[in-house]
Amino acid sequence: MKPATPSRSWVESAHEHPDFPLHNLPLGIFSQAGSVPRVGVAIGDCVLDMAEALARGLLQGLPEEVLESVSQGSLNAFFACAADARSAFRQRLLHMLGKDAPSRVEVRACLHQARHCDMHLPAKVGDYTDFYAGIEHATRVGKHLRPDAPLLPNYKYVPIGYHGRASTLRPSGVPVRRPKGQMRPSGQHEPIVGPTQKLDFELELGIWIGQGNPLGEAIPIGQAAEHVAGFCLLNDWSARDIQGWEYQPLGPFLSKSFMTTLSPWVVTAQALAPFRCAQAPRPPGDPQPLAYLWDDHDQATGALDIELEALLLTEHMRTRGLPAERLAVSNSRCMYWTVAQLVSHHSVNGCQLHSGDLFGSGTLSGPGADQCGSLLEITQGGSQPLLLASGETRQFLADGDEIILRGRCHANGIGSIGFGECRGRVLPAL
Ligand code: MN
């Protein structure tokens, strides 16, 4: 029989912590004052040091693959562990940190103040794929380009994606340098090269792949969810002028590859289980997905109810001590495809996924005007400048602007859990 799951932690700051209460327990890679990066778990305002927990014998009895994986400097091996082993690890953490824990003194010795920890990328990402599953975003962007036919005919059949750049993924807090590139200013015949004038953000969910698949073997839709280890927030920085000139016929290239920012904590699939919900039914007239993308259980439970938020803090606001201004609030339920459908589609041709690969969901905008997950949508391509409470206006991002993404889940009877922040400030072009 499983021990009862405690609902409260003895770690004081975890009580009603908006992001990291006891029932979240996200994993990340941290260091302190230049120490070797290692696995940690967020609890309240603290980080539980797994190397220290191992050294003190607090993880004794857990499967060998888990003990091996949490002693490393990245989460790739942990993501590759069997679901049972990852669940056993979570149960142990709940027990150690729950209010009835027998050995608090030992566990307390493994806690660090999060504000004294530096966070790193959680895994060594072999491949990063960005999808386009936010249908409201796809429709608004499409309308801008093709008012009569916003969505291309394949959109409701194929989960659209492109291969992104893994080498320029960075954790929250690393500034983004305004990129240079080739673009063709409107009304001109010839392109120029220079700093982007249309730097934008994209509010996305990041999806961490758990166990991979052998080359040539597709992941069936019914098993796809088991291949997802966890989630984070992802800002797909985009240079719209470079993108507009380069994207046909092969899709985005240098307009996206200069940097992508990730929130450093991995919220596990187990922690998100209470916040799963049914995928919204397809509107009448939309095609039934092909069989390899359809699973009744996935349709009943495969969507995620995560409230997503994007905020802007300008240099002006920062120097005057003004708060960041909310640009958008949206929800991951606006995905036209479930995460399992993305996994299944990615592997249908036999493409191999590895543990620690990363997917982006695509920009997750809602239908409302205050639910737009990019400035491209908010300002309608720059044609309707945004007036900020500080008196400033924006068409696209200015140097010194900082974008802050947040994500939070709420459910009746369970406190909220959150993702922490995904931040990045714009530096001037070199
Ligand atoms: Mn994107």
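The following dialogue concerns a predicted model, its manganese ion and its two domains.

In this predicted model, local features need pLDDT of at least 70 and side-chain atom pairs count only at pLDDT 80 or more, while totals for chains, interfaces and linings use all residues. Residues are numbered from 1 along each chain as its sequence is written, and side-chain values use heavy atoms, with hydrogens and water left out.

Biologist: Which residues are the protein donors of the manganese ion?

Modeller: Donors are N, O and S atoms within 2.8 Å of the metal (3.2 Å for Na, K and Ca); water is not among the atoms, so sites may look incomplete. Here the protein donors lie 2.1 to 2.2 Å from the manganese ion. They are D130 (OD), E202 (OE), E204 (OE) and D236 (OD).

Biologist: Is D130 buried or exposed?

Modeller: Buried means under 20% relative accessible area, exposed over 50%, and partly exposed in between (1.4 Å probe, protein chains only). The relative accessible area of D130 is 2%, so D130 is buried.

Biologist: What area is buried between domain 1 and domain 2?

Modeller: An automatic or database domain assignment sets the bounds, giving domain 1 (12–120) and domain 2 (128–427). Buried area is the accessible area (1.4 Å probe) that two parts lose on being put together, summed over both. Carbon and sulfur atoms give 58% of this area, which is about 2000 Å².

Biologist: With which residue does D19 form a salt bridge?

Modeller: A salt bridge is a side-chain nitrogen of Lys or Arg within 4 Å of a carboxyl oxygen of Asp or Glu. The rule finds one across the interface of domain 1 and domain 2. With the closest N and O atoms 2.7 Å apart, the partner of D19 is R408.
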